[in-house]
Structure formats: structure tokens, C-alpha cells
Amino acid sequence: MDKQTLNVAFATQKGGSGKTAITVLVASYLHYNCGCPLAVIDCDFPQHSLYEMRERDSRAVLENEYLKRMAYEQMREPGRAAYPVQKCRVERAPDMAAELAGSGNYDLLFFDLPGTVNSSGILRTIAQMDYIFAPVSADQTVLESTLAFLDVLQRMMLGKETSRLKGLYLFWNLVDKREKSELYGRYEKVIAGMGLPMLTTQIPDTKRFRKELDAENRTVFRSTLFAPDKRMIAGSGIPELAHEIISILKLSGYEETTNR
């Protein structure tokens with residue numbers, strides 16, 4: 001039987017949650033470091049931040065000989081050619097996903113969704129997700145907004161015949177080590193009371209998540225065209241998050257095989 005392409009989104013209802021940065025980092029780590037065949041659909045209209053990042057990455061490579069050589073060396077490795085980044089309106093995303101999945105070339109499709117359920121067509125698109133991972137921070141407003149959003153999905157879609165949704169998971173993002181651990185403990189009791197699982201991986205609050213590729217630097221962190229540099233990714237939580245997600249998705253054979 002052919003393996004089904006899985007639809008995955010990092011979704012939240014709060015701006016500034018870091019969902020786009022995490023989508024890029026996890027996708028690039030899994031594809032370039034682990035060899036997982038995937039594509040990304042950016043349906044966060046009108047900004048299409050992830051698609052615009054691919055455009056900036058491509059321009060940077062064209063303008064810099066060092067980055068050109070780096071891209072050439074990476075593409076020589078089997079399965080390490082750049083993954084596709086497609087853009088569309090959110091109501092068109094399920095059809096685009098069906099087209100990509102129909103090619104048989106991808107194990108995963110990552111979606112960058114709009115940050116509000118008020119977007120036209122978003123509920124139909126969310127219903128086509130297999131798994132949703134929601135980044136949350138230790139902020140009452142952010143947490144309440146995200147939990148309200150996930151409660152709706154849990155009641156309306158999770159395990160329903162009209163939806164593909166198999167799992168909803170939260171994980172701590174923008175973690176400040178100076179914050180008291182009991183604060184997280186209190187929040188986790190509320191989350192557990194809703195029956196929502198929390199991942200063990202925590203993503204720290206660090207400026208490196210804002211570091212994109214440019215023609216002058218020679219270390220890469222957030223890029224759609226390159227694997228994250230091992231010096232930059234150490235301590236970021238991204239490898240741990242990626243492998244925890246792979247375990248939940250029950251995808252095997254994608255251990256890290258490259259180290260830039």
C-alpha cells in the first residue's frame with residue numbers, strides 16, 4: 001500500500017508566536033539534515049512570509065559566490081535539492097496539497113496557516129491537517145487564545161469522520177530560563193485538564209531565531225535553502241522537536257545524516 005502523505009501545521013491564533021520560523025527550521029532540518037522528502041505550502045495570505053523568505057534566500061544565493069558553492073555542494077547529496085515552497089490562498093490549500101501528495105514525492109506537507117480562524121476557508125483547510133502542533137508561551141493572553149482555538153478543533157474535528165485530524169499537541173516556545181518552573185507547572189495542569197498533550201521539547205527564547213540568510217554571513221540558521229548550521233542549531237531545541245514530531249507521526253528512517 002502506498003504511504004500517505006501527512007499534512008502538518010504549526011498553528012496558533014496569536015501573532016508573534018514564531019510559527020513561521022519554526023515551520024522553516026523544522027522543515028529544513030528534516031529535509032536537509034535527515035533526508036525527509038517534504039514540501040511547504042504558505043497559505044498565510046496576504047503576507048506569505050515563508051514564500052517571501054524563499055525569494056530572499058534565492059536572491060542571496062545568486063548574489064554571493066560562497067553561497068552558490070554551498071548550494072551546489074548540498075544539492076550534490078541525494079535527496080537534498082531544495083524542497084518546494086508554494087503559496088496560495090487558504091481556501092485553495094487542500095487542492096494544492098492533493099496535487100503535491102498525488103505526485104508521490106513527499107512524505108510530509110507543512111502548512112503555514114493564517115493566524116486567525118476568521119480567514120475564509122481556513123476551517124476546511126484545518127480539517128485536512130493530520131496533525132497540528134501549537135507553540136505557546138508562558139503568557140496568559142497567548143495561552144488562553146491558543147487553548148480556546150484548540151478546544152474548538154478538539155470538539156469539532158479531532159477524530160471526526162469529516163476531518164483528517166488525528167492529533168493536537170502543544171509545546172513551549174520562547175522559553176525564558178529566568179521564569180519560574182512552577183509557572184509552567186500551573187499552566188500545564190490547565191492544559192492536562194483539557195486532555196491536550198504537551199511535548200517534552202521546549203524552544204528557548206533566543207535571538208538566533210531571527211537570523212536569516214544574507215549575502216554577507218557564512219553561518220546559516222533560518223533558511224529555506226540550507227540546513228541549519230550545527231553551531232547555530234545546538235541548544236535551539238529544533239533537532240529534538242523535529243525528532244519528537246517524527247516519532248508522533250510514526251515516520252521511520254529519518255535520523256540526522258548530515259552536519260554542516
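This section describes the nonpolar cores, two helix packings and one helical residue of a predicted model.

The largest nonpolar core comprises 41 residues, of which Leu 30, Leu 108, Phe 110, Phe 133 and Leu 249 touch the most other members. Helix H1, spanning residues 19-33, gives the most to this core, contributing eight residues. The surroundings of Leu 108 can be listed in detail: when residues up to four places away in sequence are not counted, Leu 108 touches Thr 5, Leu 6, Val 8, Leu 30, Cys 36, Pro 37, Leu 38, Ala 39, Ile 246, Leu 249 and Leu 251. Apart from the largest core lies another core, of 39 residues, with Val 90, Ala 93, Leu 165 and Trp 172 among them.

Helix H1 also packs against helix H2, which covers residues 49-63, at an angle of about 55 degrees and with the two axes 10 Å apart. Because angles from 65 to 115 degrees count as roughly perpendicular and those under 35 degrees as roughly parallel, H1 and H2 are therefore classed as oblique to each other, and their crossing is right-handed. On the H1 side the contact is made by Thr 20, Thr 23, Val 24 and Tyr 32, while H2 supplies Ser 49, Leu 50, Met 53 and Arg 54. By residue class, the contact of H1 with H2 consists of four nonpolar residues, three polar residues and one charged residue.

The packing of H2 with helix H3, which runs over residues 65-75, has an angle of about 110 degrees and axes 5 Å apart, and H2 and H3 are therefore roughly perpendicular to each other. In this pair, Ala 60, Val 61, Leu 62 and Glu 63 of H2 meet Glu 65, Leu 67, Lys 68 and Ala 71 of H3. The residues of the contact of H2 with H3 divide into five nonpolar and three charged, with no polar residue.

Turning to a single position, Glu 240 is found in helix H9, which comprises residues 238-249. The relative accessibility of Glu 240 is 47%, and because the class of exposed residues begins over 50% and that of buried residues lies under 20%, Glu 240 counts as partly exposed. Relative to Val 136, Glu 240 is 104 residues away in sequence, and the C-alpha atoms of these two residues are 17 Å apart in space. Leu 249, at the other limit of the residue range given for H9, is one of the residues that touch the most other members of the largest core.

Key. Residues are numbered from 1 along each chain as its sequence is written. This is a predicted model: local features need pLDDT of at least 70, side-chain atom pairs count only at pLDDT 80 or more; totals for chains, interfaces and linings use all residues. Side-chain values use heavy atoms; hydrogens and water are left out. A nonpolar core is a set of buried Ala, Val, Leu, Ile, Met, Phe, Trp, Tyr and Cys residues joined through side-chain atoms within 4.5 Å. Buried means under 20% relative accessible area, exposed over 50%, partly exposed in between (1.4 Å probe, protein chains only). Helices (H or I, at least four residues) and strands (E, at least two) are DSSP runs, numbered from the N terminus. Contact means heavy atoms within 4.5 Å. Axes are lines fitted to C-alpha atoms, for helices over the stretch in contact, and angles run from 0 to 180 degrees between N-to-C directions. Angles under 35 degrees count as roughly parallel, over 145 as roughly antiparallel, 65 to 115 as roughly perpendicular and the rest as oblique. A crossing is left-handed if the near helix is turned anticlockwise from the far one by less than a right angle, and right-handed if clockwise. Ala, Val, Leu, Ile, Met, Phe, Trp, Tyr, Cys and Pro count as nonpolar, Asp, Glu, Lys and Arg as charged, and the others, Gly among them, as polar.
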